[in-house]
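Work through the exercises below with the sequence and model open. Each task is followed by its solution.

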Amino acid sequence: MYVMHEICSSVKNMKQLDFSVLVRRANQIKEELKQGVKKPYRELIDVSWGDPHRTGVKPLSFVRQVLAGCLYPQLLESNRLKVDVRQRAQRLLETCAGGSVGSYSDTAGLTQTLKKVSEFITRRDGGVPSHPDSIYISPGSQWSLTNILNILVNPEASPKTGVLVPAPSHCVTTQSILGLGAEVLPYYLTEEQGWALQVEELQRAFDSAKGVCKPFALYIINPGNPAGGVQSRKSMQEVIKFVSEKKLFLLADEVYQECVYGENVEFLSYKRVLAEMGPPLSETVELASFHSASKGLIGECGLRTGYVELVNLDPSVLKLLDNLFSTNSCAPVLGQLTLDLMINPPQPGDPSYPLFYEETQRIRTTLIQNVRQVFEVVNSLPGFSCQPVEGGVFAFPRVYIPPKAIQKAKEVGMEPDTFYCVRLLEETGVLARPGSEFGQKDGTHHIRFCIMTPQHIMEELLRRLSIFHTKFMKEFS
Amino acid sequence: MCANPPPPHTHTHTHCKYSMIFSFSRDNGTKMSQDQQAVNGVSCVSKVLTLDTMNPNVRRVEYAVRGPIVQRAVQIERELREGVKKPFTEVIKANIGDAHAMGQKPITFFRQVLALCSYPDLLEDNKFPEDAKKRARRILDACGGHSIGAYSASQGIECIRQDVARYIERRDGGIPSSPDNIYLSTGASDAIVTILKLLVCGEGRDRTGVMISIPQYPLYSAALADLAAVQISYYLDEENCWSLNVEELRRALKEAKQYCKPRVLCIINPGNPTGQVQSRQCIEDVIRFAKEEHLFLMADEVYQDNVYADGCKFHSFKKVLFEMGPEFSSTVEMASFHSTSKCYMGECGFRGGYMEVINMDPQVKAQLTKLVSVRLCPPVPGQALLELVVNPPQPDEPSYSTFMKERTAVLAALGEKARLTEETFNSVPGITCNPVQGAMYTFPCISLPQKAIDKAKEEGLIPDMFYCMKLLEEEGICLVPGSGFGQKEGTFHFRMTILPPTEKLKVVLQKIRDFHLRFTQEFS
């Protein structure tokens, strides 16, 4: 009889994701390919994560050179690295205890990095002030989100705490919420309107809590994941008014803020919109906004660095949140320095600037191209449609899976879009994720794939996807 | 994409029309900072998230290692930078087990490989040894897109888990270890909290009870408070070098059964803050006890290379478990934890670590997989570093001699400082210090005059916090009061790290000695 047979019920409530089946199969296929097994493709295309390096996008040279210098300061003693790289590494090392990236930082982060982050936020938000004491750097933005959720969610509460969450949404967050013993209240984004948010739908989701749980917070992702919408100021103001009226804590996941496309599309931070709405809202709405070094052009997911900025929180609560963060020791120092590099890139005139500009421009142009290509190709295929991707790093096209295929999926015990993804993987070597994991309207099916890839990868991906999709639709017609 | 590159670096002036409230200053806890902009003073509109509406468990979370005394130390550092005159020119942070902060140098080989992983163009550079390049290539091959910037699997990069398993096998005399049982983590703390999160359940009298030593590393008490688990304290024996007595375990357990369901036993070996290295017999006794009482064992072994005292040896719980035969090795459920933060590497800032789970129910493992996926993955540089720690240069490799020289020097210095610390403190009337057998700390017992205890009470401070605060203000030395770790009622201690460089440590020890004599005099 195992001691561990009894485990935390909230953990049991977390969903078992279908994706693990796909990953296992993908790893097997990788092995088979290595051993020379013949397949209709020579390499897998893994677009299942918002992970640009994984898809083949190269890290930014300046960033990696500075980090190398910080890791092995002997490099700073020769001319191997450009002078601005050396200077930056030197400066960054001086902000670390003992001049080493191997020492701990203060709980919230390196003092200098926090200062730089607050300056970045102020710049970004057209002058809205930001204070380093309101910022916590953590191993990825999800980590600080989990800490905030931890303080928001009383696991013993009856009725349970409820968190409004978009559908579709980043599944890691939903898992966190469930794991902490809270309820997820989905509010459905309107696909036909570019995944726009309707306030009426927020109201419906809020009302659905009656008798089930007590809504306490609203989580919103802007730019969206997986839905690629970017909110307008008007829409954001509606959300702010809604949370104020309903007394909800606002959690704004803004990690894709650098990834914005489209002609007249602009990212505005929730903090900025809130501040510009003036009192009383600007002084009362409690907000946590999240950003990360995982996304954007820098794409350093593996370094695990993100931060949260807290606005209008009760000081006594902040004190306790500080205690909670202190038990995590600190965020990885290498990642903290990467944050500094992200928000303070080389400037015109710096020796590293030309290469930096070239690399970032290439990624930017490719992204815009990819977005356009995906939209065109997917929408040209019958049984497939895709909203314009205004922001974020994913496409979330709708697949009109035929009834015969839905039946087949049922027979093998899979969600229809999981079935589609399994077949896609087997027949074309493309690893995408089924929409069922992210939340979608009943009866609709989607797949999610990352669009932040090198150009030739995207072309190949779309080629394989088109062929597969046409074949699939024919087979099950 | 934004057609425009990021906005230029103009600094807007700080006078602004915005009225957000910045009322929290980290140094001062709840005191208002000057940035407060609210028009009518503090807004009286009731907040959504308050002490009453928040998760009540978090209210009891404390972590003394980074607690109030450290906040004061940071404030003093700020004051020094601003030119305020003090009886000292720097604050010595002997509160936290951070070797590099105290001047310890990183291991050259490790940093070379990591630099190569960070910027692979350096693989062309002939200044890097071949063995470092080989390691870097292997790590990069295992990373998505050949970059340490890609996510890894949540459990950690497979080939690194394989190397960890092989390291464990070598360390434990050949006892098999499976990579499937290895979970890489963001420091050992992450893995410890994950297991506790998994295990804590039940209501009322069935609530999970977790046994932890007094004194303990306060991550445990913090995690237990956060999870609303029941903490079952078992006292280490100060009179006997902080040894663990199974009778004491039995006593604590028997009492606890009245109000909770004891399911977990945590042990830190080598100990923190106490530094004791458990004997093999003791480890066997603990394992036997865990089996009898049906307890999940959590063995925190992050200081496994930090053993100094003659006659002391690190025995891994797993090794002892398996050597006790199948009756135990196939039934006792256990997790052991290790990290890149301590030992001879001291790479705290990388947040590297792992746990090995033994005899875990496969269904429970499936649940564990869900939990670790919420973290996405542990920091990849930390995983890479762990790879190097478990797979260091071999005798036939070019970097071997430098590596061994550096490793030996660090451990020898620590051993010397452990001895020096024990000797010095034992020479001070009113301070008694057990031998620092291992780890990185000393936890001496200080006797405080009654007048001091009374004065502390007057100021609303626990007596050893009062003592440590005074030491900080007068000498600029930051220690952690024993109350932060737990201690027998009526006794007082502090925890000091033995990490400052030897010459500086001598000065610190001298200052503490002088302070203690002064303090005793002042309150006699």
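**Exercise 1. Decide whether helix α6 of chain A is largely enclosed by the rest of the structure, and find what covers it.**

Solution. The model is predicted.

Step 1. Set the cut-off: a residue is buried when its relative accessible area is under 20%.

Step 2. Count. In α6(A), 10 of the 14 residues are buried, so the helix is largely enclosed by the rest of the structure.

Step 3. Name them. The buried set runs T113(A), L114(A), K116(A), V117(A), S118(A), F120(A), I121(A), T122(A), R123(A) and R124(A).

Step 4. Look for the cover. Among the elements over these buried residues are helices α5 (83-94), α11 (270-276) and α14 (333-343) of chain A. Strands β2 (135-138), β7 (287-292) and β8 (306-311) of chain A also take part.

**Exercise 2. Check the length of α6(A) against its residue count, then inspect what follows the helix.**

Solution.

Step 1. Take the 14 residues, 111-124, at 1.5 Å a residue; the expected span is 20 Å.

Step 2. Compare. The end C-alpha atoms lie 20 Å apart, which agrees.

Step 3. Move past the helix. G126(A) follows α6(A), and its phi is positive, near 60 degrees.

**Exercise 3. Place Q104(B), classify it as buried or exposed, and list its contacts.**

Solution.

Step 1. Locate Q104(B): it sits in the loop between β1 (92-93) and α2 of chain B.

Step 2. Classify. Relative accessibility is 14%, so Q104(B) counts as buried.

Step 3. Follow the side chain. It comes to 3.2 Å from the backbone oxygen of Y344(B).

Step 4. List the contacts. Leaving out residues up to four places away in sequence, Q104(B) touches A99(B), Y344(B), M345(B), G346(B) and V410(B).

**Exercise 4. Describe the interface between chain B and chain A: its size, its polar links and its makeup.**

Solution.

Step 1. Count residues. Chain B brings 116 residues into contact with 126 residues of chain A.

Step 2. Give the area. The two chains bury about 10400 Å² between them, with 60% of it on carbon and sulfur atoms.

Step 3. Tally the salt bridges. There are 2 between the chains. One of them joins the side chains of K261(B) and E6(A), at 3.2 Å from N to O.

Step 4. Add the polar contacts. Counting residues at pLDDT 80 or more, 41 residue pairs between the chains are in polar contact.

Step 5. Trace the chain B side. Elements giving two or more residues include α1 (68-81), α5 (187-199) and β5 (261-268) of chain B. The largest share, 8 residues, comes from α11(B).

Step 6. Sort by class. The side of chain B that touches chain A has 59 nonpolar, 35 polar and 22 charged residues.

Terms used
Residues numbered from 1 in each chain as written. Chains lettered and ligands numbered in written order. Predicted model: local features only at pLDDT ≥ 70, side-chain atom pairs only at ≥ 80, totals over all residues. Heavy atoms only, no water. Contact = heavy atoms within 4.5 Å. Buried area = accessible area lost by both parts, 1.4 Å probe. Salt bridge = Lys/Arg side-chain N within 4 Å of Asp/Glu carboxyl O. Polar contact = N/O pair within 3.5 Å; in protein donor to acceptor, adjacent residues only side chain to side chain. Helix = DSSP H or I, 4+ residues; strand = E, 2+ residues; numbered from the N terminus. Nonpolar A, V, L, I, M, F, W, Y, C, P; charged D, E, K, R; others polar. Expected span 1.5 Å × (residues − 1). Buried < 20%, exposed > 50% of the residue type's maximum accessible area, 1.4 Å probe, protein only.
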